[in-house]
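Let's take a walk through this protein chain together. Have the sequence and the model open, and we will move from the overall picture to single residues.

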Amino acid sequence: MKTIITLKEALGAKASMVGGKASALARLDEAGVVVPRTLCITVRAYERFLKATGLRELILMELARKSFDEMRWEEIWDASLRIRNYFAREPLGAALERELSETIGEAFGDALLAIRSSAPEEDSKARSFAGLHESFIGVKGAVAAIEHIRLVWASLWSDAALLYRREFGLDIERSAMAVVVQELVEGEKSGVAFSENPLEGAQAVIEAVRGLNEALVDGGTEPDRWILSKKEGEVLSYIPAARGELAEAEGIAGKQAGSTAEAGGTTEPPGPVLSPGEVRRVFSLCRNNARIFQKEQDVEWTLKGPSLVCLQSRPITAAPQAEGDDKRPWYLSLKRSFENLKRLRWIIEEHILPSMSGDADALAGVILLSHDDGTLADELDRRQALLEKWTATYWDELIPFAHGMRLFGQFYNDRVKPGDAHEFMALLTDTTLISTDRNRELMEMARLVRESGREAALESLDRIEGLSERFEAFLGRFSFLFCKTPWCSEGRQEVWELITRLASSPLKEKARHPDGAGREALEQRFLEALHGDEKTFALELLDLARASYRLRDDDNLYLERISYELDRALQEGRRRLGAAGDYEPLEIAAALRGAPLPEKSSPGVPEKEPKPVMIARQLVGQPAGPGLGRGRARVIHGRPDLSSFQSGEVLVCDALDPSLTIIIPLAAAIVERRGGMLIHGAIIAREYGIPCVTGVPGATEAISTGDDVTVDGHLGIVIINRAHS
């Protein structure tokens with residue numbers, strides 16, 4: 001099989017070599033359907049590249065850091081980001097690069113191109129990878145085409161594609177990628193059509209926008225929609241779209257993953273996108289494709305002058321067998337376009353967070369002791385409902401906004417091609433986080449204690465000038481992280497002990513980039529790698545990513561305040577009822593209204609099973625905070641263990657939530673079972689320049705308190721020297 005073939009040659013080729021998209025285009029071309037001028041870069045090119053660079057082994061190593069079935073989406077994204085960077089950095093090889101460059105140049109010259117994925121696994125009736133592999137529109141010239149072919153290859157290993165393969169039990173090691181290179185047809189009207197409505201088998205559906213269809217496929221533009229009878233093509237209903245802007249080829253030239261380039265365009269004229277005659281033509285194309293393949297089809301098309309061009313055609317994916325089987329919509333919901341993220345940021349900063357804060361303030365102002373039992377029960381119900389509401393908002397709006405970091409990371413790595421795929425994170429740190437503000441205030445109080453040169457006790461804070469006022473102000477802002485009730489004695493004592501430990505420890509310096517360059521120098525290097533008018537967009541994207549980074553940590557603390565206020569009412573209800581068991585808010589509310597409390601059986605003291613002895617000396621996880629750190633391990637299972645943590649120890653835990661990151665400034669390094677660059681422990685570790693490895697399977701079992709541990713945050717490796725007495 002040749003490396004590059006025409007559609008006529010693809011007609012007789014195996015789908016395992018050219019992929020579903022190229023195979024379908026070849027059959028349509030043979031049947032006389034108008035398709036763009038097309039070349040197919042076969043799987044052989046991909047295999048040659050992997051063999052010459054050793055990338056296959058690197059990919060398998062990245063995916064073997066942890067059992068794939070146990071990896072969280074954050075960990076899979078980290079791995080896919082590093083894999084993508086390998087594809088961007090590794091040389092193509094002189095022979096392959098020359099072959100691709102000459103053939104593409106001869107075939108297309110300076111024409112604008114579309115570079116599309118054509119993986120062998122794509123476009124079957126049982127599975128659709130639509131939206132999971134990359135396509136690039138408006139690419140000009142052979143050099144740019146080759147760069148984007150690399151990125152299409154890399155998209156085989158995107159987090160969404162990997163998760164989807166896991167969902168269907170596909171063999172990841174056998175995955176491969178062919179690529180379709182097409183002359184871009186700059187149609188005046190474009191869209192998608194279904195020969196059979198996935199929701200109603202007797203109907204067909206046509207969706208259309210003016211200009212190119214990329215904004216429609218990416219979800220950035222609402223289309224006009226026609227519902228037709230499947231048999232006759234009679235229009236049953238027409239739903240016009242809210243008019244926006246139309247995408248033009250020059251506006252999306254060089255488009256990057258996740259729609260990082262803004263679409264230029266002009267305001268659309270009023271009226272339906274398609275005339276009645278054009279609707280009939282698109283319907284006929286759709287039904288004709290279904291006859292050719294003997295399967296109902298999902299068709300992308302464009303109208304340029306008198307020509308109706310079929311861009312691609314694939315089987316309509318069979319519906320999942322049971323609700324929830326196909327998690328692809330959720331995976332894709334985490335991948336947002338630049339424009340979507342800008343709108344989402346405005347919603348979060350101007351509406352969601354102020355509303356959460358306002359609700360928390362209102363709840364904090366309620367004097368629960370003045371409520372009778374019935375009113376307290378109502379208050380418990382109200383607070384439970386608020387927590388459920390804001391928790392849903394957290395998952396639906398705040399978690400997806402974390403994609404701003406991912407989008408910037410891809411853009412940065414594609415332009416700069418750094419040796420460290422996570423180098424871009426250094427441009428996001430050193431920002432204003434609620435957690436670092438909290439820790440900074442603690443360290444400032446520790447400085448006052450240290451500089452006083454005298455003993456101080458919790459009962460006599462006023463011995464040190466300015467300390468008492470700062471201490472009370474700190475509790476007023478952050479008591480919800482330490483106390484079940486406002487300013488409880490246990491919380492006050494915990495804060496004070498932390499201050500005294502910080503006072504006897506060296507204070508952390510501001511984190512710097514690993515190679516010694518400051519953030520300003522790194523930003524300058526990034527801007528120098530840009531071309532043309534990319535700089536304005538890049539600075540906007542960087543600002544968005546910094547907001548995404550900040551809110552990824554802050555959002556939990558906003559939610560924690562709501563949870564604290566529910567817990568405060570719950571504790572008051574338990575106190576009144578003398579309820580010592582672990583009762584839920586609804587149970588306490590019902591009891592306050594007169595219902596009997598359900599019996600809670602005592603769990604007793606379970607017999608301890610012998611703990612398995614793990615003798616691994618080296619553990620592998622995800623690199624999450626660059627640097628090397630060594631110290632005595634301290635395994636933290638929960639809040640009570642924090643009081644024993646000493647300066648210079650290595651913090652080992654299952655998972656660090658924002659309320660626990662208060663101890664990070666004392667740590668020499670961090671090891672966490674939960675994985676990913678986007679988790680809270682990793683974010684705060686990078687703020688302080690502390691080495692961090694996440695996603696370490698069985699971290700709290702493999703490492704014991706007292707073990708001498710070395711943490712390599714560059715490679716994601718933890719080395720254990722057994723405890724010494």
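What follows begins with the whole chain, then turns to helix packing, a covered helix, the cysteines and a few backbone details.

Please keep in mind that this is a predicted model. The chain contains 22 helices and 19 strands. Of its 725 residues, 55% count as buried. Contacts across the sequence carry a good deal of the picture: among contacts in the chain with a separation of 6 or more, 69% join residues 24 or more positions apart.

A good place to start looking is the pair formed by helix α5 (residues 73-89) and helix α7 (residues 142-155). Their axes lie 9 Å apart, and the helices pack at an angle of about 155°. An angle over 145° counts as roughly antiparallel, and α5 and α7 are therefore roughly antiparallel to each other. Their crossing is right-handed. On the α5 side, the contact is made by Arg84, Phe87 and Ala88, while α7 brings Arg150, Leu151, Trp153 and Ala154. Sorted by class, this contact of α5 with α7 has 5 nonpolar residues and 2 charged ones, with no polar residue.

Let's stay for a moment with one of those residues, Arg150, which is found in helix α7. Is Arg150 buried or exposed? Arg150 has a relative accessible area of 6%, and the cut-off for buried is under 20%, so Arg150 is buried. Which residues is Arg150 in contact with, leaving aside its neighbours within four places in sequence? They are Phe49, Phe87, Ala88, Glu90, Pro91 and Leu92. Two of these names, Phe87 and Ala88, also belong to the α5 side of the helix contact.

Now move along the chain to a second helix pair, helix α13 (residues 373-401) and helix α20 (residues 585-592). These two pack at an angle of about 160°, with their axes 8 Å apart. By the rule that angles over 145° are roughly antiparallel, α13 and α20 are therefore roughly antiparallel to each other. Here the crossing is left-handed. From α13 the contact takes in Asp373, Leu376, Ala377, Leu380, Asp381 and Gln384, and from α20 it takes in Pro585, Leu586, Ile588, Ala589 and Leu592. The residues of this contact of α13 with α20 divide into 8 nonpolar, 1 polar and 2 charged.

Gly594 is worth a look here too, in the loop between α20 and β12 (618-620). Gly594 counts as exposed, at 61% relative accessibility. Its C-alpha atom is separated by 9.0 Å from that of Gly374, although the two glycines are 220 residues apart along the chain.

Next comes helix α21 (residues 680-687), which is mostly covered, with 8 of its 8 residues buried. Those buried residues are His680, Gly681, Ala682, Ile683, Ile684, Ala685, Arg686 and Glu687. What covers them? The cover of the buried residues of α21 includes helices α15 (434-452) and α19 (534-577), together with strands β13 (622-625), β16 (669-672) and β17 (692-694). Just after α21, Gly689 takes a positive phi of about 65°.

The cysteines come next. How many disulfides does a search of the whole structure find? It finds 0 disulfides. Cys653 is in no disulfide, and the nearest cysteine sulfur, that of Cys692, is 8.4 Å away. A disulfide would need the two sulfur atoms within 2.5 Å, so the separation of 8.4 Å between Cys692 and Cys653 is too far for a bond. Both residues are covered: Cys653 is buried, with a relative accessible area of 2%, and Cys692 counts as buried at 0%.

Finally, let's look at the backbone. Most residues other than glycine have a negative phi. Gln294 has a positive phi of about 60° although it is not a glycine. Gln294 sits in the loop between α10 (276-293) and β10 (297-304), and is exposed, with a relative accessible area of 67%. Lys417 also has a positive phi, near 55°, and is a residue other than glycine. You will find Lys417 in the loop between α14 (403-416) and α15, where it is partly exposed, with a relative accessible area of 26%.

Key:
Residues are numbered from 1 along each chain as its sequence is written. This is a predicted model: local features need pLDDT of at least 70, side-chain atom pairs count only at pLDDT 80 or more; totals for chains, interfaces and linings use all residues. Side-chain values use heavy atoms; hydrogens and water are left out. Buried means under 20% relative accessible area, exposed over 50%, partly exposed in between (1.4 Å probe, protein chains only). Axes are lines fitted to C-alpha atoms, for helices over the stretch in contact, and angles run from 0 to 180 degrees between N-to-C directions. Helices (H or I, at least four residues) and strands (E, at least two) are DSSP runs, numbered from the N terminus. Angles under 35 degrees count as roughly parallel, over 145 as roughly antiparallel, 65 to 115 as roughly perpendicular and the rest as oblique. A crossing is left-handed if the near helix is turned anticlockwise from the far one by less than a right angle, and right-handed if clockwise. Contact means heavy atoms within 4.5 Å. Ala, Val, Leu, Ile, Met, Phe, Trp, Tyr, Cys and Pro count as nonpolar, Asp, Glu, Lys and Arg as charged, and the others, Gly among them, as polar.
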